[in-house]
Amino acid sequence: MSLLGILNSARDGLLAQSAGVAVAGQNVTNANTPGYVRRGVILQSRTLGAQSSAAGGVDVVGISRAFDRVAHQRLTLEDARRGAAQSRANALAQVEGVMSPGIGGIAERVSALFSSFARLSGAPADRSLRASVMSDVEALGTAMRGAVGDLERLRTDLYARAGALATDVNERTARIAQLNGEIAEATARGDGAADLRDQRDVLVREVGERVGARVIEDAAGRVTLFAMGTALVDGNTASTIEVGQDTAGAMQVRVRRQPGGLGDDVTRAVTEGTLGGVREARDVDLPAAMNALDAFAFDLVGAINAVHGRAYGLDGATGRPLFTPITAVAGAAARVGLDAAIQNEPDRVGAASTSGSLPGGNVAALELARLATTALGGGNGTPSERFGGILGDVGTRRAAADNELALRQDTVQQAESLLESASGVSLDEEMVNLTRFQRAYDASTKVLRVADELLDSLIKGV
């Protein structure tokens with residue numbers, strides 16, 4: 001190797017080590033940047049050849065990106081599962097808050113009504129006790145209607161949440177499609193497009209958290225993103241998600257590939273991500289609670305009205321319901337209230353079983369009070385047991401969602417640790433790299449200096 005060749009090799013060494021320092025510095029700078037993947041400089045020794053002035057040097061071939069596709073996919077999957085558990089657990093916590101016993105709650109109002117029946121049986125001629133029965137009936141109706149209203153508002157809020165999630169996903173898939181094109185162009189130029197890939201991977205994870213996501217990358221660097229059993233991104237084209245309702249009011253999710261197209265119904269496949277949890281809470285958990293509440297209200301009102309219809313009021317009349325009659329289970333809880341014929345008429349509240357026992361007859365009042373310990377609906381439990389069963393079902397669902405959430409939080413942490421170990425920046429390692437590149441740079445400088453001195457001596461000698 002000639003002295004000029006040595007100079008060229010030293011120059012290459014300076015450039016190569018400078019590139020290494022620059023990459024290590026970039027890693028240190030972005031150590032806390034979300035989604036940043038560790039970079040590495042790729043050096044390649046130049047083979048000895050006919051061009052002796054360039055032989056023995058080093059080339060900076062490119063910049064590597066320590067991306068682990070498997071670890072990223074695992075984290076995206078766990079994010080989707082955690083998102084579903086989180087949204088469902090949050091919704092069920094609100095359902096439990098609406099249904100759970102408390103001051104003014106349904107359980108308290110039912111208990112208060114039966115207590116009023118018991119007090120009336122002790123003094124059936126007391127008009128104030130009859131007025132108390134009427135007040136407790138109205139209070140129970142208010143509590144029932146309030147619970148139904150709260151649950152309906154929660155369903156509406158969940159539907160709005162689903163729409164917002166669809167908008168979020170559409171924005172991200174459109175950006176992913178755009179990045180696909182930019183990455184493909186960069187790849188064709190021989191550029192790894194590491195920064196663009198970082199952005200895209202962050203977006204993929206965000207889409208996964210909302211609806212679940214799996215990706216396949218082609219040779220050009222573009223990814224196809226699958227979710228809900230269909231492709232949301234294919235090359236430079238992104239589909240759009242639309243949330244609507246079917247004829248029964250259940251959430252319906254469609255994926256539209258072309259503007260103006262009908263779109264594919266993917267509702268059944270919406271099981272992952274925040275949207276999956278929202279759908280399950282809105283269309284499975286909430287209807288279960290509301291249907292159970294309707295059945296409870298229907299049976300309770302029917303049982304009380306059946307007894308009261310045989311009772312005699314102080315006015316000597318009978319055959320009147322205490323509650324407004326309910327003819328269907330669906331929507332029963334929202335129709336609970338004092339019958340219009342008894343409004344403002346305490347004397348029409350029945351307590352006696354015969355007209356001859358008025359005003360002191362209390363057999364019907366006793367029978368009404370005993371309903372507190374009588375199974376409703378042909379042996380399905382007492383009123384307190386029936387309502388307790390509703391609360392128990394809600395609590396069981398919430399506990400399952402909470403347990404799933406705790407599990408998914410742990411698995412997400414594990415997946416994050418795996419991805420961090422594979423792709424994250426270790427400051428300790430970067431400090432070692434900086435020292436290594438610095439020492440190599442210093443050595444290359446020494447080679448350059450020695451070669452320069454030798455060349456100077458040669459010129460002076462000639």
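Visitor: Which element gives the most to the lining of the second largest pocket?

Guide: Let's start there, keeping in mind that this is a predicted model. To read a lining, go through the elements and see what each one brings. Here β2 gives the most, with five residues. The pocket itself holds about 310 Å³ of space. Fifteen is a lot to list, so here are the ones closest to the centre of the 15 lining residues: Ile63, Asp191, Gly192, Ala193 and Ala194. Two elements give two or more residues to this lining, β2 (58-65) and α5.

Visitor: And by class, how many nonpolar, polar and charged residues does the lining of the second largest pocket have?

Guide: There are six nonpolar, four polar and five charged residues in that lining.

Visitor: Now the largest pocket. What is its volume?

Guide: About 450 Å³. Its lining has 21 residues, and those closest to the centre are Pro34, Gly35, Tyr36, Arg205 and Leu419.

Visitor: Which elements supply at least two residues of the lining of the largest pocket?

Guide: Look at three helices: α2 (69-99), α5 (194-211) and α8 (383-423). The largest share, five residues, comes from α5. You met α5 a moment ago in the lining of the second largest pocket too.

Visitor: How do the residues of the lining of the largest pocket divide by class?

Guide: Nine are nonpolar, while six are polar and six are charged.

Visitor: Let's turn to the sheet. In what order do the strands of the open sheet come?

Guide: To read a sheet, walk across it from strand to strand. This one is open and has four strands, in the order β3-β4-β5-β6, with antiparallel pairing. At the edges you find β3 (214-217) and β6 (237-238), each of which pairs on one side only.

Visitor: How many bridges join β4 to β5?

Guide: Four bridges join them; β4 covers residues 223-227, β5 covers residues 230-234, and the two run antiparallel. For a spot to find on screen, try Ala227, which stands opposite Thr230 in β5.

Visitor: Which strands does helix α4 touch where it packs on the sheet?

Guide: When a helix meets a sheet, ask which strands it touches and at what angle it runs. Helix α4 (residues 127-188) touches β4, β5 and β6, and its direction makes about 50° with that of β5.

Visitor: What about α2: which strands does it lie across?

Guide: Helix α2 lies across β3 and β4, and runs at about 155° to β3. That helix also supplies at least two residues of the lining of the largest pocket.

Methods: Residues are numbered from 1 along each chain as its sequence is written. This is a predicted model: local features need pLDDT of at least 70, side-chain atom pairs count only at pLDDT 80 or more; totals for chains, interfaces and linings use all residues. Side-chain values use heavy atoms; hydrogens and water are left out. On a 1 Å grid over the protein atoms alone, a cavity is a set of points where a 1.4 Å probe fits but cannot get out, and a pocket is an open set with protein on both sides within 12 Å along at least five of seven lines; lining residues have an atom within 4 Å of a point. Grid points are joined across faces, edges and corners, and a volume is the space filled by probe spheres set on the points. Ala, Val, Leu, Ile, Met, Phe, Trp, Tyr, Cys and Pro count as nonpolar, Asp, Glu, Lys and Arg as charged, and the others, Gly among them, as polar. Two strands pair if DSSP finds at least two bridges between them. Contact means heavy atoms within 4.5 Å. Axes are lines fitted to C-alpha atoms, for helices over the stretch in contact, and angles run from 0 to 180 degrees between N-to-C directions.
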